[in-house]
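Got your viewer ready? Load the model, switch on side chains, and follow along stop by stop.

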Amino acid sequence: MAARLVVVRPASLKGAAFVVAAERAVVGRAGGVDIRIPDRSVSSCHAALVRRGGRVVVEDLGSTNGTAVNGSTVSVARPLRHGDVVGFGGVELRFEESYDGTATGLYEPVREPRGAHFEIPEQRADVINNVGRDQYVLQQRDGFLREIAATRTRATRLIWIGAAMIVGGGAVFAAMILRTMSDLGEALDLPAEPGVMPDFQFDFMGPRVGGMPVGLIGWAVCGIGNVLLIAGIVLHVVATARKRKVDARFPVRHH
C-alpha cells in the first residue's frame, strides 16, 4: 500500500499531494526528480524517501535549507509515522501512511521506480535521449549528495565534541591553575623560622589521578578538543567544496 505527502504550507501549494509508491523517491525542485516541489526554498535534489522494512524513512541529500520532521532537523535517516509533518526548506507536508487512491493536486505525483534508462533511436549510439541523460545525472547527484550529507554530519559531530572538550578541559585546567596559585600564596604567607626553608606542601595542578595531576588532564583534554574541532571544520569545508564540484559537474536541467 502506498503512502502520500499532502502539502500544508505554504498556502500557494496547499492541497497538492504526492503518492510515495517507489522504493526510493527523490524530492526536489529540479525537473526529473520523483517528487517535484516548485518552491525556491527547496533544493534541486533536496531529500530522499526510502522504504526500509515496511516503513518510509526520510534522509537529507545535503540541501541548502535542510529537512525537518515535526520541526526537528534531520541529520540522519529518520523513519516517518502517520501524521508527521515533513519540512523541505519552507514547504511542509503531512505524511499519510496508508493511501489507496491516486494523487490529487497541482503537481505531478511520484512515478514508479525505474533505473537509469537511455533511449537510442535508430540504434545510433552517439545520440542519447535527453530524458535518459537527466535521469542518469540525477542518480549520480543523488549518490554523491548522500555521501556529502554523511560527511557533513560527521563534521558537525566532531565540531560539537571538540567544542565540549575544549570548554570542559579548559575549565578544569583553569580551576587547577587558580587552586595552585592560591595554595602557593598561602604557603608563602606561612611564618618561617630564620634560616629554615618553609615546608611547601600542596598539590601542583591539583590532585593526581592515575599519577597525573587533574590540571594536566584538563589541559590534555582541551588539546584533543582543539584537534577534533579543527578536523571537523576542515571536513565541513571539504564537504562544501565537494558539493560545489558536484553541482558544477552534474548540472540539473530545469524544465
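## Stop 1: charges around E59

Select R52 and E59: their side chains meet in a salt bridge at 3.4 Å, N to O. The term salt bridge here stands for a side-chain nitrogen of Lys or Arg within 4 Å of a carboxyl oxygen of Asp or Glu. Before going on, a word on what you have loaded: this is a predicted model, where local features need pLDDT of at least 70, side-chain atom pairs count only at pLDDT 80 or more, and totals for chains, interfaces and linings use all residues. Residues are numbered from 1 along each chain as its sequence is written, and side-chain values use heavy atoms, with hydrogens and water left out.

Now add R24 to the selection. The side chains of R24 and E59 also meet in a salt bridge, at 3.1 Å, N to O. This pair links distant parts of the chain, with R24 in strand β3 and E59 in strand β6 (residues 55–60), 35 residues apart. Helices (H or I, at least four residues) and strands (E, at least two) are DSSP runs, numbered from the N terminus.

Is E59 buried or exposed? E59 counts as buried, because its relative accessibility is 11%. The cut-offs are under 20% relative accessible area for buried, over 50% for exposed, and partly exposed in between (1.4 Å probe, protein chains only). R24 is at 26%, so it counts as partly exposed, and R52 gets that label at 43%.

As general background, side chains of opposite charge can pair when their charged atoms come close.

## Stop 2: the open sheet

Stay on R24 and switch to cartoon view. Its bridge partner in β5 is V50. Strands β3 (residues 24–28) and β5 (residues 47–52) pair in the antiparallel sense over 4 bridges; two strands pair if DSSP finds at least two bridges between them.

Widen the selection and you get an open sheet of 5 strands in the order β4-β3-β5-β6-β9, with mixed pairing. The edge strands are β4 (35–36) and β9 (78–79), and each pairs on one side only.

## Stop 3: strand β1

Next, pick residues 2–9. Strand β1 is largely enclosed by the rest of the structure, because 6 of its 8 residues are buried. Color strand β2 (residues 17–20) as well: β1 and β2 run antiparallel, joined by 4 bridges. To see one of the pairings, click L5 and look across to F18, its bridge partner in β2.

While you are here, select R4, R94 and E96, which are linked in a network of salt bridges.

## Stop 4: the two helices

Zoom over to R242 and E147. Their side chains meet in a salt bridge at 3.0 Å, N to O. The pair links distant parts of the chain: R242 is in helix α2, E147 is in helix α1 (residues 130–188), and they are 95 residues apart. R242 counts as partly exposed because its relative accessibility is 32%; E147 is at 43%, so it is partly exposed too.

Then click K243, which sits in helix α2. What is K243 in contact with, leaving aside its neighbours within four places in sequence? The contacts are G62, L145, I148 and R152, where contact means heavy atoms within 4.5 Å. At 15% relative accessibility, this lysine counts as buried.

Still on helix α2 (residues 214–249), find V234. V234 is at 44% relative accessibility, so it counts as partly exposed. Together with I230 and V238, V234 forms a nonpolar patch on the surface, with about 270 Å² of accessible area. Patches are made of residues with over 30% relative accessible area and no salt bridge; like charges are joined within 9 Å, nonpolar side chains (Val, Leu, Ile, Met, Phe, Trp, Tyr) within 5 Å. Accessible areas come from the Shrake-Rupley method with a 1.4 Å probe; for residues, only the protein chains shown count as cover.

## Last stop: zoom out

Show everything. The protein has 2 helices and 13 strands, and 36% of its 255 residues count as buried. About 14700 Å² is exposed, with carbon and sulfur atoms supplying 59% of it. Among contacts with a separation of 6 or more, 58% come from residues 24 or more positions apart. A search of the whole structure turns up 6 salt bridges.
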